[in-house]
Amino acid sequence: MRATAVFLGISIAWAASAAGQSVQYRSPAGVEYRSQRDTGAIARAESALAVSPRNVDLIIQLGVAQSGVRQYREAIKTFTRGLAIAPQNALLYRWRGHRYLSTRQFDRAMDDLTRGSRLDSTIYGIWYHLGIVRYARGDFAGAADAFTRALPGAPDAGERAGATDWLWMSLSRAGRSGEARALLDSRPDSVPAGNVYQQRLRLYRGEVNPDSVITAVDTSDVAVATLSYGIGNWYLVRGDTTRARTWFERSVRSGGWPAFGFIVSELELRRLR
């Protein structure tokens, strides 16, 4: 029986791997989170790259396609391949740093994003993700600085809402409540975004109550993880660690492991022990 169980376990693992569902992250509790199957985007990107294997833009496209199905470790290898060709390309550091963050390799993410910011200080995605890494590490003042730099360069309403949200959280956690309130009052997110960050900002402004933030249409694992973290942090800022913990736990239960809210919820729960 034991041999049969071992064989079945190996068979299941092999089948998942063969289907492109490789292990991307294993939580401290031992939960394995896997990638998804390629629906064609990766195959197309690989075909294009095969024609021009030193084309950095095509390398980035392949890494982005891999990231689209949560193949973050594969994407890291792709971006590393690009850096061997173009070691001063800031966008490659932006993308690889983001994926180090997704796989909880925070020190490597910090190194890549910091180096990317020195190579090109105008890239929105570098500052945004550097802010996330600093926030995850508990450097809330540093996170506020990064999001302050990111906000003016937000490419659309959705990203502007996201940068505003994380800046508010960073300022609040850094004990700068006056600046956090002034940020909300200035409404840098005035153009409707229609995303989860806009929903969290409505909570911060007192326009909805915590139990109304997650709606019936918020069914994806990433959306639930993101919204749950925002609610939990809102309670934490107000000193209610019990309710905060409940929402952080809900974020983790969502299964939306790539979400920044999920990533930080895991860390918050460790801090609250």
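1. A good place to start in this predicted model is the strand pair. Strands β1 (residues 23–26) and β2 (residues 32–34) run antiparallel and are joined by three bridges. If you want one bridge to look up, take Val23, whose partner in β2 is Arg34. The two strands make a hairpin, with five residues between them. Gly30 sits in that turn and has a positive phi of about 90°.

2. A word on confidence before going further. The average pLDDT over the chain is 93, and 93% of the residues score at least 70. The exception to keep in mind is residues 1–18, where pLDDT stays under 50. For that stretch the model has three contacts beyond four places in sequence. Where pLDDT is low, the predicted coordinates should not be read in detail.

3. Strand β2 also takes part in a ring contact. Tyr33 and Trp257 have ring centres 6.0 Å apart and planes at 35°; the pair is therefore tilted, since that angle falls between the limits of 30 and 60 degrees. Tyr33 belongs to strand β2, while Trp257 lies in the loop between α13 (241–253) and α14 (260–271). The pair thus links distant parts of the chain, 224 residues apart. Buried or exposed, how do Tyr33 and Trp257 sit? Both are buried.

4. A second tilted pair is worth a look: Tyr128 with Phe260, at 6.4 Å centre to centre and 50° between the planes. Because Tyr128 lies in helix α7 and Phe260 in helix α14, this pair ties together parts that are 132 residues apart in sequence. Tyr128 and Phe260 are both buried. In total, the model has 16 aromatic pairs. Ring pairs also build a cluster, which includes Tyr128 and Phe260 along with Tyr124, Tyr135, Phe140, Phe147, Trp166, Tyr229 and Phe248.

5. Now to the nonpolar interior. The largest nonpolar core has 57 residues, and those with the most contacts inside it are Tyr128, Tyr135, Trp166, Trp168, Tyr204 and Phe260. Helix α7 (residues 124–136) supplies the largest share of this core, eight residues. Apart from this core lies another, of nine residues, among them Val56, Ile60, Ala75 and Ala86. As general background, nonpolar side chains tend to be buried together in soluble globular proteins.

6. Tyr135 deserves its own point. Setting aside neighbours within four places in sequence, its contacts include Phe140, Trp166 and Tyr229, and these three also appear with Tyr135 in the ring cluster. Polar and charged partners are on the list too, including Ser170, Arg173, Asn233, Glu268 and Arg271.

7. Two arginines sit over tryptophan rings. The charged end of Arg94 is over the ring of Trp95, 3.7 Å from its centre. Arg200 lies over the face of Trp166, at 5.6 Å from the ring centre.

8. Finally, two backbone angles to check. Most residues other than glycine have a negative phi. Arg104 has a positive phi, near 65°, and is located in the loop between α5 (90–102) and α6 (106–119). Arg104 counts as buried because its relative accessibility is 12%, under the 20% limit. Arg187 likewise has a positive phi, of about 50°, and lies in the loop between α10 (177–186) and α11 (196–204). How buried or exposed is Arg187? With a relative accessible area of 40%, Arg187 is partly exposed.

Definitions and conventions: Residues are numbered from 1 along each chain as its sequence is written. This is a predicted model: local features need pLDDT of at least 70, side-chain atom pairs count only at pLDDT 80 or more; totals for chains, interfaces and linings use all residues. Side-chain values use heavy atoms; hydrogens and water are left out. pLDDT is the predictor's confidence in each residue, from 0 to 100. Contact means heavy atoms within 4.5 Å. A nonpolar core is a set of buried Ala, Val, Leu, Ile, Met, Phe, Trp, Tyr and Cys residues joined through side-chain atoms within 4.5 Å. Buried means under 20% relative accessible area, exposed over 50%, partly exposed in between (1.4 Å probe, protein chains only). Helices (H or I, at least four residues) and strands (E, at least two) are DSSP runs, numbered from the N terminus. Two strands pair if DSSP finds at least two bridges between them. Rings of Phe, Tyr and Trp (its six-membered ring) pair if their centres lie within 6.5 Å; planes under 30 degrees apart count as stacked, over 60 as edge-to-face and the rest as tilted. A charge sits over a ring if NZ of Lys or CZ of Arg is within 6 Å of the ring centre and within 35 degrees of the ring normal.
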